[in-house]
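Q: Please take a close look at one helical part of this model and the loop that follows, and then set beside that loop other places where the backbone deserves attention. I would like the packing and the backbone geometry treated in one connected account.

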Amino acid sequence: MPTVSVGRDRLFDAIGRTYEDEEFEDLCFRFGIELDDITTEKAIVRKEKHLEVEDSSEGEEIIYKIEVPANRYDLLCLEGIAQALRIFEEREEIPTYKLASIKHESILEMHVKPETSRIRPFVVCAVLRGVTFDEARYNSFIDLQDRLHQNICRRRTLVAIGTHDLDTLEGPFTYEALPPSEINFVPLKQEKTFRADELMEFYKSDLKLKKFLHIIENSPVYPVIYDRNRTVLSLPPIINGAHSAITLRTKNVFIECTATDLTKAKIVLNTMVAMFSRYCERKFEVEPVDVLYPDGRTFSYPDLSDYDMEVPLSYINDAIGLSLEADKVVRLLERMQLHATKSVSADKKGNICVSIPPTRSDVLHPCDVMEDVAIAFGYNEIPKRKPLSVKPLPLNELSDLIRSEIAMTGFTEVLTWILCSYKENFSMLNCKDDKSTAVIVGNPRSSDFEVVRTSLLPGMLKTVGHNKDHPKPIKIYEVGDVTFLDKLKDVGAINRRQLAALYCGANSGFELIHSLVDRIMEVVGTPFIPGGDNTGYYIKRSDEPQFLPGRQASIIYKGKRIGNFGIVHPEVLNNFDIPDPCSFVELNVDSLL
């Protein structure tokens with residue numbers, strides 16, 4: 001999780017009171033963040049340079065390193081932490097963010113050129129008027145941009161933030177994509193003019209900026225933002241122009257975020273303006289900017305409207321294990337920066353109507369509201385109780401029964417990764433991706449974890465491949481979940497419990513896998529019947545690409561196909577570096593209930 005370093009004295013001044021270290025650590029725990037370390041600026045520098053730790057001298061500023069949840073972007077700066085703790089301690093009301101009321105003809109415009117769709121198609125903008133910066137506020141403003149870039153912006157690949165002194169510019173602005181040879185400007189902290197392609201070479205030796213060059217370096221066009229006078233504001237996501245650099249004297253700040261992900265761009269913009277609009281002449285007021293796309297669409301940003309959600313009071317109480325009145329829940333949610341009111345639904349049940357402000361983009365589901373109630377109530381205050389029933393779910397009972405029966409036939413249970421690579425889930429199984437089945441991980445840390453598995457087969461074949469020197473035969477099984485896309489579900493996907501077993505030896509063992517299927521169906525009380533009868537199960541010929549043609553079958557249970565078994569195709573075995581023949585069965589456990 002991200003760690004935010006803030007000066008202790010300035011933080012206490014922003015909160016409005018001082019704390020002992022232990023007292024502040026307890027406050028952080030109760031709010032759901034963690035005081036990770038107490039240090040000083042010099043100690044941090046010494047640690048980074050691997051120098052011996054010295055006793056901190058008097059007069060050094062005490063630094064609190066606070067660990068915050070990764071999805072709480074509003075807590076990535078001192079202003080956000082202080083505001084959240086003040087509201088949590090009921091020392092301040094929840095702020096109301098609003099857009100400035102200005103005439104339509106006075107609204108600044110950003111015109112988007114069609115060529116931008118080739119590289120970074122989205123841009124959102126806003127203006128903070130009458131800002132008062134001092135050195136600490138200015139540094140916090142810059143630090144928040146860096147932390148957002150590292151976090152939700154995914155190192156500028158999804159979103160890049162540009163901040164400018166509006167008084168040095170003249171609207172309307174244009175967002176364009178041009179060949180690098182046509183872009184010339186003086187970049188931030190430089191004095192001479194660079195062509196964009198020259199700038200790429202120049203920054204290859206820059207320790208901070210070279211890590212971002214790959215985002216646009218090989219593109220035939222680079223994104224660039226101009227004002228009315230063709231002054232370059234920025235070359236996103238690399239560098240801003242020196243002409244519009246903000247300083248301590250800046251009063252009006254123009255913020256632009258270019259992006260490949262519009263939703264994240266709006267979250268980033270909302271976070272920036274919400275945290276620093278408190279320093280505006282008109283507190284918590286933001287001036288909108290119109291973004292005009294080439295197809296005629298016009299959007300006004302930022303969108304500071306609240307998002308409304310209705311959560312049953314019974315859901316909150318049941319999930320936490322409490323019996324709270326609606327008024328109490330409303331007060332607890334107010335402490336977590338969520339406006340709430342109580343209501344009664346048509347079926348006479350109590351509900352909590354929650355208005356989620358633009359700073360709380362992490363609240364997506366009723367469970368997030370429930371979690372905030374639990375935090376505000378205090379996890380240590382929740383009474384301990386024994387569950388009313390310790391009876392397992394029917395699905396888990398059946399899964400345990402099947403595990404036991406298969407283990408008694410001589411198979412060994414394995415547990416494999418739920419995530420696998422895209423190739424393992426498709427091409428290595430001779431399968432094609434129809435784009436409507438598998439859940440693809442958007443930003444995988446490794447090529448080994450790109451897809452949520454849709455079959456237990458890849459994991460089991462990898463297990464055999466890594467243990468091919470093990471004495472034969474190898475008989476393994478797994479009972480686990482796979483995931484499929486499902487538009488009817490609120491999360492867009494559904495889990496299914498699967499059973500899989502694999503035999504690997506000198507011969508295929510097809511008859512052993514077939515007999516295992518018969519044993520499983522016998523255990524669940526399902527008779528073998530002739531084809532076409534829906535009272536039991538039968539098998540019929542199938543044509544799945546991962547199995548050998550003519551040596552495979554589908555399992556039909558009450559008229560529905562619930563699985564397949566057969567001899568694994570030699571090409572598939574070769575893909576997983578397995579020299580011996582294998583037979584495999586996989587069937588859906590949910591269908592047997």
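A: Helices and strands are taken here as DSSP runs, a helix being H or I over at least four residues and a strand E over at least two, with numbering from the N terminus. The model is a predicted one, and the part chosen is helix 5, which covers residues 135-150.

The N-terminal end of helix 5 is capped by Asp 134, one of whose side-chain oxygens lies 3.2 Å from the backbone nitrogen of Ala 136. Because a rise of 1.5 Å a residue gives an expected span of 22 Å for the 16 residues of helix 5, the 23 Å separating its end C-alpha atoms agrees with that expectation. The buried residues of helix 5 are Ser 140, Phe 141, Leu 144, Gln 145, Arg 147, Leu 148 and His 149, and the elements covering them include strand 1 (3-7), helix 1 (8-15), helix 4 (78-88), strand 7, strand 14 (253-259) and helix 7 (262-276).

Two of these covering elements, helix 1 and helix 4, also meet each other: their axes come within 9 Å and cross at roughly 45°, an angle that therefore makes helix 1 oblique to helix 4. The crossing is right-handed, and the contact is made by Arg 10, Leu 11, Ala 14 and Ile 15 from helix 1 together with Leu 78, Glu 79, Ile 81, Ala 82, Leu 85 and Arg 86 from helix 4.

Between helix 5 and strand 7 runs the loop that holds Arg 154, a residue that is not a glycine and yet has a positive phi of about 50°. Arg 154 counts as partly exposed because its relative accessibility is 35%, which falls between the limits of 20% and 50%. A positive phi, here about 70°, is also found at Gln 337, again not a glycine, in the loop between helix 9 (326-335) and strand 18 (339-344). With a relative accessibility of 2%, however, Gln 337 counts as buried.

The loop from strand 7 (159-165) to strand 8 (173-178) contains Pro 172, which is joined to Gly 171 by a cis peptide bond with omega about 0°. Another cis peptide bond, with omega near 0°, leads from Tyr 301 to Pro 302, and Pro 302 is placed in the loop between strand 16 (298-301) and strand 17 (307-312).

Definitions and conventions: Residues numbered from 1 in each chain as written. Predicted model: local features only at pLDDT ≥ 70, side-chain atom pairs only at ≥ 80, totals over all residues. Heavy atoms only, no water. Buried < 20%, exposed > 50% of the residue type's maximum accessible area, 1.4 Å probe, protein only. Expected span 1.5 Å × (residues − 1). Contact = heavy atoms within 4.5 Å. Polar contact = N/O pair within 3.5 Å; in protein donor to acceptor, adjacent residues only side chain to side chain. Axes fitted to C-alpha atoms, helices over the stretch in contact; angles between N-to-C directions. Parallel < 35°, antiparallel > 145°, perpendicular 65-115°, else oblique. Left-handed = near helix turned anticlockwise from the far one by under 90°.
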